[in-house]
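Me: I have a chain to go through with you. Let us take it in short turns, starting with its contacts.

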Amino acid sequence: MSLTLEELSRQLMVPLRGDPDTRVDSACSLEAPRPGALCFCEKANQVKFGPGEIGILITPGPPEGDWNVLLSTNPRVTFAQALRLLYPEPALVAGVHQTAWLDPTARVHPGARVGPLCCVEAGAVVEEGAELVAQVTLGAGAVVGAGSKLWPGSSLAAGCTVGKDCVLEPGARVLAGSSLGDAVWLGARAVVDGATLANGIKADNQIYVGPGSQIGPHALLISQSCVGPDTRMGAYSLVAAQGAILGQVEVGPQVQIAGRCVIAESVTEKGSAWAGDPAVPYSLEMRNRALRLKALPAYLKRSRPQPP
């Protein structure tokens, strides 16, 4: 797609400097600049070329010269957002691939797509704009909401529901008794095992949510984190990488659980932060780590073998 400097400025909500009619249709790196392309730098001294060698530069402060720039305090993020504008996803081509298998009682909306080698069992529903990319399995009575996208190898067990505008990355599995709200994102090889996930949840690669658990709106589960059975997590709560909740506990809204932290008891104070194994308040864990680090030289000295 081709966009002008003015159009990018308006859609990205950042100020511009230079010719608003300057047009770009691609992106490039600092090492390989070219006219008509978009690039970014975080520091002006990273730029080793002149204004005419690049279409538009995203930067916190432009180098000296007559540049066409988008001024951003976080050029890397703005560049990533611009890429989505320059390279939009292709329009969905509706239909059922000839190698897909559909039970006669399954219902696929005419505006949905079922890709190669997919399996849609009895009574399953694929709503308008939804896409099963390839090798996706829907159990009997499973429902995929409008606009959702299921990548290869993902699956829904019988009776499971996925809301609108969800994404299931490759190998993600939604097991029996599970329900996903709208705009839920499941990373690769994530497993939801009989749990309920509210709207807007982002769950990273290889996470696990156990049976009977209820995860509140807009919670965030980072890579390889684990939520045990019958857990209640509040809205906007967070479990960092490899963090674990052992189950049958309550986690309050906006609670932050650090990486590799283990929660064995309820932590309900809104906005509190926890770390360590077993979990303690984050500030206390940081103090304990500082004390251990301070004592490390003396420990090494004591443990070093003495010469004969």
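Me: Among contacts in the protein chain with a separation of 6 or more, what share comes from residues 24 or more positions apart?
Reply: This is a predicted model. Counting contacts in the protein chain with a separation of 6 or more, pairs 24 or more positions apart supply 11%.

Me: What is the secondary structure, and is the chain compact or spread out?
Reply: The protein chain holds 3 helices and 38 strands. The globule rule gives 19 Å for 308 residues, and the radius of gyration is 25 Å, well over that. The chain is therefore more spread out than a compact globule.

Me: What does the C-alpha trace span along its principal axes?
Reply: The trace belongs to the protein chain. Its spans are about 80 × 60 × 45 Å.

Me: What part of the exposed surface do carbon and sulfur atoms supply?
Reply: Buried residues make up 40% of the 308 residues. The protein chain exposes about 15,900 Å². The carbon and sulfur share of that area is 54%.

Me: How many disulfides are there?
Reply: A pair of cysteine sulfurs must lie within 2.5 Å to count. For Cys119 the closest cysteine sulfur is in Cys118, 8.8 Å away, too far for a bond. For Cys226 it is in Cys261, 13 Å away, also too far. The count comes to 0 disulfides.

Me: Is Cys226 buried, partly exposed or exposed?
Reply: Buried needs under 20% relative accessible area, and exposed needs over 50%. Cys226 has 30% relative accessibility, so it counts as partly exposed.

Me: Where do the buried residues of α2 sit around the axis?
Reply: Helix α2 covers residues 75–86, and its end C-alpha atoms are 16 Å apart, in agreement with the expected 16 Å for 12 residues. Its buried residues are Pro75, Thr78, Phe79, Ala82 and Leu86. They cover an arc of only 100°, so they lie on the same side of α2.

Me: Which elements do those buried residues of α2 pack against?
Reply: One partner is a helix, α1 (5–12). The buried residues of α2 also pack against β1 (3–4), β3 (23–24), β4 (26–27), β5 (37–40) and β6 (56–59).

Me: Which residues does Leu12 touch, leaving out those up to four places away in sequence?
Reply: Leu12 lies in helix α1. At 10% relative accessibility, Leu12 counts as buried. With residues up to four places away left out, Leu12 touches Leu70, Thr78, Gln81, Ala82 and Leu85.

Me: How far apart in space are Leu12 and Gly210?
Reply: In sequence, Leu12 and Gly210 are 198 residues apart. C-alpha to C-alpha, the distance is 39 Å.

Key:
Residues are numbered from 1 along each chain as its sequence is written. This is a predicted model: local features need pLDDT of at least 70, side-chain atom pairs count only at pLDDT 80 or more; totals for chains, interfaces and linings use all residues. Side-chain values use heavy atoms; hydrogens and water are left out. Buried means under 20% relative accessible area, exposed over 50%, partly exposed in between (1.4 Å probe, protein chains only). Helices (H or I, at least four residues) and strands (E, at least two) are DSSP runs, numbered from the N terminus. The expected span of a helix is 1.5 Å times one less than its number of residues. The arc is that of the directions from the helix axis to the C-beta atoms. Contact means heavy atoms within 4.5 Å. The radius of gyration is taken over C-alpha atoms; the globule rule is 2.2 Å times the number of residues to the power 0.38. Accessible areas come from the Shrake-Rupley method with a 1.4 Å probe; for residues, only the protein chains shown count as cover.
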